[in-house]
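This report looks at how side chains are arranged in one protein model, beginning with the nonpolar core and moving on to aromatic rings and a buried acidic residue.

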Amino acid sequence: RRQGVFSSRGITLKTIREKGIEECLSRAVQNVRDIPAILRWNAQYGMRLYRLSSDTFPFASHPELRYDLSFAEEELKEVGRVAAE
């Protein structure tokens, strides 16, 4: 985290209600954009497994907020490309 690369930027329901769902989606995109760097670092040090945090997509399955992941489609494709390397 010292370098600002991490995939668990969470958010509270209170903040979502105050700032809107766009803030939540923005954090999710930032999370996904950092995953390729994390995967590359892990591979460099022989780690071939990475567990995604539930905070990667905050509240995606929450009954009030449910959202699909299509807003991050391109970023997720990049994660897949890097994971396949």
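## Nonpolar core

In this predicted model, the largest nonpolar core holds 15 residues, of which Ile16, Cys24, Leu39, Phe57 and Val79 touch the most other members. Two or more residues of this core come from each of helix H1 (13-19), helix H2 (21-44) and H3, and H2 provides the largest share, with six residues. In soluble globular proteins, nonpolar side chains tend to be buried together.

Cys24, one of the core residues named above, is in contact with Ile11, Ile16, Pro58 and Tyr67 when residues up to four places away in sequence are not counted.

## Aromatic rings

The count of aromatic pairs comes to three. Among them, Trp41 and Tyr45 form a tilted pair, with 4.6 Å centre to centre and 40° between the planes; Trp41 itself is partly exposed, because its relative accessible area of 48% falls between the limits of 20% and 50%.

Phe57, Tyr67 and Phe71 form one aromatic cluster. In a further arrangement that involves a ring, Arg9 lies over the face of Phe6, at 4.2 Å from the ring centre.

## Glu75 in helix H3

Glu75 is found in helix H3, which covers residues 73-84, and it counts as buried because its relative accessibility of 16% is under 20%. Leaving aside neighbours within four places in sequence, Glu75 is in contact with Val29, Val32 and Arg33. Glu75 and Ile35 are 40 residues apart in sequence, while their C-alpha atoms are 9.1 Å apart in space.

Key. Residues are numbered from 1 along each chain as its sequence is written. This is a predicted model: local features need pLDDT of at least 70, side-chain atom pairs count only at pLDDT 80 or more; totals for chains, interfaces and linings use all residues. Side-chain values use heavy atoms; hydrogens and water are left out. Helices (H or I, at least four residues) and strands (E, at least two) are DSSP runs, numbered from the N terminus. Buried means under 20% relative accessible area, exposed over 50%, partly exposed in between (1.4 Å probe, protein chains only). Contact means heavy atoms within 4.5 Å. Rings of Phe, Tyr and Trp (its six-membered ring) pair if their centres lie within 6.5 Å; planes under 30 degrees apart count as stacked, over 60 as edge-to-face and the rest as tilted. A charge sits over a ring if NZ of Lys or CZ of Arg is within 6 Å of the ring centre and within 35 degrees of the ring normal. A nonpolar core is a set of buried Ala, Val, Leu, Ile, Met, Phe, Trp, Tyr and Cys residues joined through side-chain atoms within 4.5 Å.
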